[in-house]
Amino acid sequence: MTELSGKRIVVGVTGGVAAYKAAELVRLLVKAGAAVDVALTAAGSRFVGAATFQALSGRPVWTDLWDARPDNGMAHIELTRGAAACVIAPATADFIAKLAHGLADDLLATLCLARACPLLVAPAMNRQMWENPPTQRNIAQLRADGVGVLGPASGEQACGEEGLGRMLEAAEIFEEIVAALQPKPLAGRRVLLTAGPTFEALDPVRGITNSSSGRMGFALARAFRDAGADVTVVAGPTEMPTPRGVARVDVVSALDMRAAVLQALPGQHIFVGVAAVADYRPAAAAADKIKKSAAPLTLQLAANPDILAEVAARPDAPFCVGFAAESRDLAAYAEGKRQSKKLPLVVGNLVADGLGGETNAVTLFDAKGAHPLPPGEKLAVARDIVSHIAAMIDPCTV
Ligand code: CTP
């Protein structure tokens with residue numbers, strides 16, 4: 001994973017129990033290739049010591065406004081100069097109040113005020129501290145100032161109470177940082193995707209399905225969201241978690257998927273059929289479990305509607321993208337599907353390269369021809385697909 005290589009991130013740690021999660025966050029950022037500078041407040045260092053952050057980041061840790069190490073003696077300016085982002089995790093109620101009012105009475109508060117890079121805060125506090133009007137006023141002010149507020153989550157708190165105020169997990173904050181650093185060519189656009197397999201019931205316990213994992217569909221959902229779009233996924237049966245900020249409708253069969261897509265369609269700018277929709281379903285599902293017998297069993301199958309072709313044929317069709325997973329002759333089949341379903345773009349791949357796995361190798365087929373993308377992890381491939389779509393929709397945005 002090298003999502004952040006070449007980027008420098010400043011992580012500010014203030015005084016909350018959730019500071020232990022900041023150690024994991026630093027580890028994830030470093031693993032993703034970022035150079036991480038940690039700035040600790042005096043209270044933060046009561047929870048996790050500078051030695052831990054120094055070991056995890058492999059760089060000096062900053063705590064003192066009067067630190068003499070930078071040549072010009074100005075740690076408060078040097079630290080955020082050229083940084084891709086500054087992330088405060090955990091951000092206490094007290095520190096959020098300082099940020100909202102522009103106070104600069106310690107190193108971290110000063111470097112937040114002196115920065116030019118984006119600022120993200122991950123609040124962590126007791127439920128009542130979060131809910132009280134001063135904190136809510138301060139958070140509203142931060143949002144109005146363009147600061148990204150990550151969470152908080154709801155759940156069990158260190159003080160024994162339950163409610164809003166728990167800091168997001170390190171992996172969630174990491175995802176939000178990566179998302180915040182992506183270009184936003186699709187800001188204000190609405191995107192609908194199908195993902196995963198469908199399951200066509202044969203009787204109450206059996207059915208016809210396929211080995212689609214839903215990974216590519218959910219990677220695309222995340223990439224579209226990170227590109228600024230408002231995203232809805234209609235998902236067949238899959239265990240894939242929903243990316244934060246993405247709306248999800250769970251369905252089982254192709255007919256359910258079609259109904260959910262048609263319901264969510266009004267107002268969508270882009271529709272992407274990533275789902276491996278079963279082309280056929282049992283003509284009649286048995287109400288009771290089918291019992292075995294010695295005689296051969298013949299299944300009668302009925303054709304399912306082609307959801308993508310139906311959406312693309314509408315007079316008010318959004319920009320429609322199809323997927324073609326083929327076992328051979330990729331270019332001919334993928335381009336054939338593009339033309340027969342009247343799509344501006346088809347993403348083609350050989351099943352051996354993508355189905356069920358973590359990586360994929362795809363070629364894009366549009367009116368200008370075939371464009372092979374660099375193979376890689378599904379999220380990296382998804383980001384490339386999204387930027388190709390953004391360029392086709394509005395060449396000025398990329
Ligand atoms: N698709 C769909 N509804 C279906 C079948 C397919 O929306 N009932 C969409 C898929 O999500 C994908 C594209 O159509 O984006 C291509 O699907 P595929 O099954 O490969 O194409 P088919 O036209 O069904 O061709 P074949 O199965 O013969 O390869």
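## Exercises on a ligand site, helix packing and backbone geometry

A polar side-chain atom of lysine 341 sits 2.7 Å from an oxygen atom of the ligand. The model is a predicted one. Work through the exercises with the structure in view.

**Exercise 1. Find which backbone atoms lie at polar distance from the ligand, and how much of the ligand the protein buries.**

Solution.
- Start at glycine 273. A polar backbone atom of this residue is 2.5 Å from an oxygen atom of the ligand.
- Go on to isoleucine 307. Here a backbone N or O atom lies 3.0 Å from a nitrogen atom of the ligand.
- Apply the cut-off. A polar contact needs a pair of N or O atoms within 3.5 Å, so both pairs qualify.
- Now take the area. The ligand alone exposes 570 Å², and the protein buries 75% of that.

**Exercise 2. Describe the shell around the ligand: how many residues, of which classes, and from which elements?**

Solution.
- Count the residues. The ligand is surrounded by 13.
- Name the closest. They are Gly273, Ala275, Phe323, Lys337 and Lys341.
- Sort the shell by class. Seven residues are nonpolar, two are polar and four are charged.
- Look for the elements. Helix H12 (307-312) supplies at least two residues of the shell, and so does strand S16 (319-326).

**Exercise 3. Decide whether H1 and H3 are roughly parallel or oblique.**

Solution.
- Locate the helices. H1 covers residues 19-31, and H3 covers residues 50-57.
- Read the geometry. The axes are 9 Å apart, and the packing angle is about 15 degrees.
- Compare with the cut-off. Angles under 35 degrees count as roughly parallel, so H1 and H3 are roughly parallel to each other.
- Add the hand. H1 passes H3 in a right-handed crossing.

**Exercise 4. Classify how H9 lies against H10, and then how H1 lies against H9.**

Solution.
- Take H9 (residues 170-180) and H10 (residues 215-226). Their axes come within 9 Å and cross at roughly 55 degrees.
- That angle makes H9 oblique to H10.
- The crossing of these two helices, H9 and H10, is right-handed.
- Turn to H1 and H9. Their axes come within 8 Å, with a crossing at roughly 45 degrees.
- H1 is therefore oblique to H9.
- The crossing of H1 and H9 is right-handed.

**Exercise 5. Locate the cis peptide bonds at proline 90 and proline 152.**

Solution.
- Recall the background. Most peptide bonds are trans.
- Check alanine 89 and proline 90. A cis peptide bond joins them, with omega about 0 degrees.
- Place proline 90. This residue belongs to strand S3 (residues 85-91).
- Check glycine 151 to proline 152. This peptide bond is also cis, and omega is near 5 degrees.
- Place proline 152. The residue is in the loop between strand S5 (148-149) and strand S6 (153-156).

**Exercise 6. State what sign phi has at aspartate 329, and where the residue lies.**

Solution.
- Begin with the general rule. Most residues other than glycine have a negative phi.
- Read the angle. Aspartate 329 is not a glycine, yet its phi is positive, about 45 degrees.
- Find the residue. Aspartate 329 is in the loop between S16 and helix H13 (330-340).
- Link back to the ligand. S16 supplies at least two residues of the shell around the ligand.

Technical notes
Residues are numbered from 1 along each chain as its sequence is written. This is a predicted model: local features need pLDDT of at least 70, side-chain atom pairs count only at pLDDT 80 or more; totals for chains, interfaces and linings use all residues. Side-chain values use heavy atoms; hydrogens and water are left out. A residue is near a molecule or strand if one of its heavy atoms lies within 4 Å of it. A polar contact is a pair of N or O atoms within 3.5 Å; within protein, one must be able to donate a hydrogen and the other to accept it, and residues adjacent in sequence count only if both atoms are side-chain atoms. Accessible areas come from the Shrake-Rupley method with a 1.4 Å probe; for residues, only the protein chains shown count as cover. Helices (H or I, at least four residues) and strands (E, at least two) are DSSP runs, numbered from the N terminus. Ala, Val, Leu, Ile, Met, Phe, Trp, Tyr, Cys and Pro count as nonpolar, Asp, Glu, Lys and Arg as charged, and the others, Gly among them, as polar. Axes are lines fitted to C-alpha atoms, for helices over the stretch in contact, and angles run from 0 to 180 degrees between N-to-C directions. Angles under 35 degrees count as roughly parallel, over 145 as roughly antiparallel, 65 to 115 as roughly perpendicular and the rest as oblique. A crossing is left-handed if the near helix is turned anticlockwise from the far one by less than a right angle, and right-handed if clockwise.
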